[in-house]
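Me: I'm new to this one, so could you walk me through it with some questions and answers?

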Amino acid sequence: MKIDKNTTLKIAKLSRIKIKDDEVDELSTQLSSIVSWVEQLNEVNTDNVEPLSNVSMTKLPLRKDIENIKDNSKEVLLNAPDKLENYFAVPKVVE
Amino acid sequence: MEFITIKETAHKLKNKDISIHELYEIFIKRTNNNLDLNAYIYFNEEKIHQQLSAHSATTNLLNGIPIAIKDLFCTKSMPTTAASKILKDFQSPYESFVTQKLLNQGAIFMGKTNCDEFAMGSANTTSYFGNVINPLSSKDKPLVPGGSSGGSAAAVAAKLCLGATGTDTGGSIRQPASFCGIVGIKPTYGLCSRWGVVAFASSLDQAGIFANNVEDSALLMEGIAGYDPNDSTSANVNVPNYCQSINTDLAGKTVGIPSEYNVQGIPEEISIVWEKAIKKLESGGVKIKRISLPHTKYALPTYYIIAPAEASSNLARYDGVKYGFRSELFSSLDDMYELTRREGFGKEVKRRILIGTYVLSSGYYDAYYLKAQKVRKLIANDFENAFRECDFILTPTTPSAAFPIGDKEDDPIKMYLNDIFTVPASLAGIPGISIPFGKSNNGLPLGIQLLSKHFDEQTIFNVASFLEKNND
Amino acid sequence: MINLIKGKTSDWETIIGLEIHAQVKSNSKLFSSASTKFGSDPNSQVSLVDAAMPGMLPVINEYCIRQAVKTGLGLHAKINHYSVFDRKNYFYADLPQGYQISQYKYPIVGEGKVIIDFKDGNSKEIRIIRLHLEQDAGKSIHDQNPTKTFVDLNRSGIALMEIVSEPDLRSAEEVALYIGKIRSILMYLDTCDGNMQEGSIRADVNISVRKPGDDYGTRCEIKNLNSIKFIKQAIEYESRRQINILEDGGKIEQNTLLFNVQSGKTKPMRSKEEAHDYRYFPDPDLLPLELEDKFIKDIKEEIPELPDQRKKRYIDEFKLSNYDSSILTAEKEISDFFDLVLFTHKELRSSAKLVVNWITSELFSILNKNEINISKSPISPDYLGKLVLMITGNKISGKIAKDVFEEMFNSNKSPNDIVKERGLIQVTNTNEIELIINEILEANKDKVADYKSGKKKLLGFFVGQAMKLSQGKANPKILNDLLLEKLS
């Protein structure tokens with residue numbers, strides 16, 4: 001199988017999505033079949049082909065260095081699940 | 001009185017054939033009678049009346065017109081959920097560029113339409129808020145409206161509004177337009193701003209339009225297109241007056257018919273409609289040219305590497321810290337992330353995030369993501385080459401008519417195949433429109449798709465209008 | 001010159017490479033218009049883009065690009081005409097997007113170099129691998145609540161220049177000199193304010209040890225150090241730690257470490273299992289950055305005289321020593337001060353060394369005591385120059401000048417006014433001094449006899465007495481010469 005149980009758990013960890021033990025097998029199977037399916041791209045000869053990362057027909061626009069002095073704290077914190085005095089609050093991180 | 005098109009409705013309002021309040025009584029009533037379609041995530045009569053009170057008439061053609069907004073566009077006056085539990089209580093403090101444009105022209109928002117969660121899906125069966133039902137379904141056999149913009153398509157098809165916004169990343173406007181028998185257009189990448197549109201796959205997402213006819217779709221497209229300096233991928237081009245410039249004289253034009261779209265196993269009814277369209281164009285003086293888009297069959301797998309990869313990164317911000325749903329039980333920050341995203345995201349979204357993470361991960365990036373980027377280049381080249389030989393391209397929109405809800409759920413790939421004809425144009429960034437042009441054997445609408453060069457929407461409006469007029 | 005550490009069984013060499021993160025001096029952030037000011041109320045300088053709200057998109061700040069190019073040119077580095085912004089994906093509370101926009105494969109600046117100067121006059125070239133632009137993260141506050149961490153996103157999105165060196169550094173001293181030089185160059189260019197207390201410059205230190213001649217060993221990374229003092233301590237501790245492990249027969253585990261300021265020790269930051277897979281890919285919301293020759297050329301013309309050039313000018317023009325020139329040019333404000341003294345008083349050019357002494361001993365001393373930065377010095381370059389002119393013009397002695405200097409600091413008066421008011425003009429008139437000498441010698445006939453019979457040390461006594469009588473105003477050299485004459 002392309003994506004085994006350990007790989008599934010590793011990807012889930014990187015993605016910060018909890019997968020329960022009884023879900024791993026089915027998920028691994030599904031992911032494996034999708035990955036196998038997309039591997040048909042190997043049939044295509046892409047020697048000397050430049051990757052296309054953007055179909056935008058423009059050049060990178062540049063912004064002038066003018067600061068916006070508006071205090072957005074109300075809007076920014078409006079939907080915060082947990083906050084205290086204009087700080088976002090999250091479970092404590094121990095480094 | 002019938003209110004099918006924006007133009008005639010605007011006319012009637014101007015002539016005072018009907019008052020704006022009377023008009024909205026009709027649309028509100030109709031919406032209330034069709035709640036079972038589940039086309040809206042947010043529909044609130046009070047909000048509509050508030051807009052009507054604040055409304056003042058102008059000469060703008062969109063003024064006073066009822067428009068439905070896909071719940072992927074951030075709006076200040078109505079919640080924005082992206083059809084996900086993870087944003088179910090989100091109140092956006094800002095208005096997306098596209099919806100602000102509509103508001104500036106006096107459009108009235110009927111509500112926020114249902115869609116696949118984070119625009120991931122092609123049947124509108126992944127929404128946290130339940131499936132949308134195709135208005136053309138019979139009572140006993142609910143059909144999918146298509147996805148991801150199923151709610152917007154259903155709302156227009158059921159005449160709950162006169163137009164709707166949608167987003168199209170791999171076909172999410174064109175495919176539901178085909179399934180619901182209406183017009184749907186995805187513009188050139190960069191023509192419409194993505195600012196304020198919940199991002200799925202940044203290099204593919206585009207805002208677009210659903211309408212009852214081509215003229216309305218052109219009018220609405222003009223209404224939402226335009227340069228936005230806040231979107232670095234926005235094209236700084238002038239938006240033509242598509243609507244006024246529609247020219248159905250196609251004599252001397254050449255249409256490309258790509259042989260690779262003749263996929264084995266596609267039902268005959270699809271080919272019949274496609275042939276019908278070809279014949280019609282011929283009768284209008286259009287030259288038929290068989291063309292080749294050699295990498296067509298690789299478009300879907302290419303898409304299903306690139307889109308999930310970008311999505312896995314775009315959806316990393318939904319972490320329970322700044323806004324949105326946060327799980328109740330957790331013991332640490334990482335735990336909070338993992339449980340919040342486990343509970344907050346649906347199956348399809350989680351699957352795509354995992355695929356996306358995988359194809360970008362160390363050791364796999366070159367084999368998958370980089371490879372897909374290169375094949376994407378070849379697909380884009382195919383179109384570039386093709387447009388040297390023809391002015392526009394004609395294909396079927398979908399490989400089938402609308403199917404029953406519940407079908408294709410057992411295998412994700414089966415669902416992905418719905419987008420087989422729409423994905424290539426998304427990868428190349430070229431515009432595409434779907435118009436209803438025939439019926440399946442059991443009487444369901446089938447659409448045909450027109451594609452043109454970058455920023456040549458006018459051509460596809462012209463051809464679509466011609467075909468619409470000559471559809472017998 | 002090789003810096004070796006003596007271990008139990010052999011000598012060891014420390015190999016160090018630095019990743020310096022310097023905040024770009026600009027009004028607004030790299031990809032949003034929010035302000036970059038330090039010390040504002042929490043989350044008051046956060047745009048919707050910085051908060052990673054749904055549907056928000058980055059737009060790059062042109063000035064930050066200019067600042068990065070300017071810095072690259074100041075580091076004698078190659079400016080890349082084509083560069084790409086990539087997403088570096090990971091989860092952390094102060095990283096709202098769940099990714100940092102950075103540059104991975106194609107940075108804006110390529111290889112460059114920096115020269116560091118040692119006290120003994122030697123110098124060493126430290127090679128720079130690259131410089132790239134990236135977003136800064138927000139701030140997490142862990143110590144205000146037992147179960148919660150608080151997050152302030154004001155800093156999130158500020159432009160950083162990451163400057164990566166080759167592992168050419170060999171000691172804590174070299175590292176300190178290197179950081180000092182980089183900081184100095186950045187401040188001369190005005191591309192970074194160099195304020196380490198405010199976190200404008202932070203460093204990650206990559207450190208390994210090896211026996212001289214061996215291949216590079218496994219390295220560890222000490223993250224987020226923002227003071228030269230702690231960087232030195234961390235390096236010293238970590239090199240010892242690695243040497244001890246290796247001498248005991250163990251292996252170094254590649255780790256990311258944090259330096260604990262209280263304990264003076266390094267500790268692993270994350271658990272061993274945590275793999276750093278950042279899944280870099282080009283940011284699809286941005287296009288590649290393409291720079292024209294003219295753009296780069298225009299910026300090149302804006303570059304002021306840099307520390308190394310200035311140093312060379314001081315050595316060539318003023319014949320200052322390498323050491324003195326290094327001290328002066330280490331901080332732009334110091335050499336600006338020095339330049340202004342000599343610009344205002346061109347006659348002092350031949351006494352440059354004296355000016356240097358006054359700046360580096362007297363001025364530094366009084367400024368340090370009062371915790372004032374030279375840019376805010378109450379004694380202006382003009383006044384300092386005037387004071388030195390009075391010394392070279394024999395108007396006052398060096399000793400008197402020190403008194404005047406102190407009063408200049410406290411009163412803001414010009415030295416000429418002070419000297420005039422207190423009547424401190426030096427006495428140089430030989431007749432006057434002779435009179436004073438005669439008086440002293442008359443009053444101390446016995447000591448004169450002692451001196452003449454061999455007690456030469458008594459000269460100091462006579463000088464002292466004469467000075468006292470003259471209220472310190474006698475020109476010391478003339479006094480000395482005349483005394484010797486009279487006593488012979």
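Me: In what order do the four strands of the open sheet come?
Reply: Keep in mind that this is a predicted model. The sheet draws on chain A and chain C, and its pairing is antiparallel. Going across the sheet, the order is β2(A)-β3(A)-β10(C)-β9(C).

Me: And which are the edge strands?
Reply: An edge strand here pairs on one side only. That fits one strand from chain A, residues 83-84, and one from chain C, residues 139-141. They're β2 of chain A and β9 of chain C.

Me: Let's stay with β9(C): which residue stands opposite S140(C)?
Reply: β9(C) pairs in the antiparallel sense with β10 of chain C, residues 148-152, over three bridges. So look along β10(C) for the partner, given that two strands count as paired with at least two bridges between them. The residue facing S140(C) is V151(C).

Me: On to helices α14 and α15 of chain C: are they parallel, antiparallel, perpendicular or oblique?
Reply: α14 covers residues 458-469 and α15 covers residues 476-487, with their axes 10 Å apart. The angle at which they pack is about 130°. Angles over 145 degrees count as roughly antiparallel and 65 to 115 as roughly perpendicular. An angle of about 130° fits neither class, so α14(C) is to α15(C) oblique.

Me: Is their crossing left-handed or right-handed?
Reply: The helices in question are α14(C) and α15(C). As one passes the other, the crossing is right-handed.

Me: How many nonpolar residues are in the contact of α14(C) with α15(C)?
Reply: From α14(C) come L459(C), F462(C), V463(C) and A466(C). They meet L479(C), N480(C) and L483(C) of α15(C). One residue of the contact is polar and none is charged, while the nonpolar ones number six.

Me: Now chains A and B: which element gives the most to the side of chain B that touches chain A?
Reply: Chain B puts 58 residues into this contact, and chain A puts in 40. Elements of chain B that give two or more residues include α9 (299-314), α10 (333-344) and α11 (347-360). With eleven residues, the top contributor is α12(B).

Me: How many residues on that side of chain B are charged?
Reply: The side of chain B that touches chain A has 29 nonpolar residues. Another 17 are polar, and the charged ones number twelve.

Me: Last one: what radius of gyration does chain B have?
Reply: Chain B holds 15 helices and eleven strands. Its C-alpha trace spans about 70 × 60 × 50 Å along the principal axes. A compact globule with 472 residues would come out near 23 Å, so chain B agrees with that, at 21 Å.

Note on methods:
Residues numbered from 1 in each chain as written. Chains lettered and ligands numbered in written order. Predicted model: local features only at pLDDT ≥ 70, side-chain atom pairs only at ≥ 80, totals over all residues. Axes fitted to C-alpha atoms, helices over the stretch in contact; angles between N-to-C directions. Parallel < 35°, antiparallel > 145°, perpendicular 65-115°, else oblique. Left-handed = near helix turned anticlockwise from the far one by under 90°. Contact = placed C-beta atoms within 7 Å. Nonpolar A, V, L, I, M, F, W, Y, C, P; charged D, E, K, R; others polar. Rg over C-alpha atoms; globule rule 2.2 N^0.38 Å.
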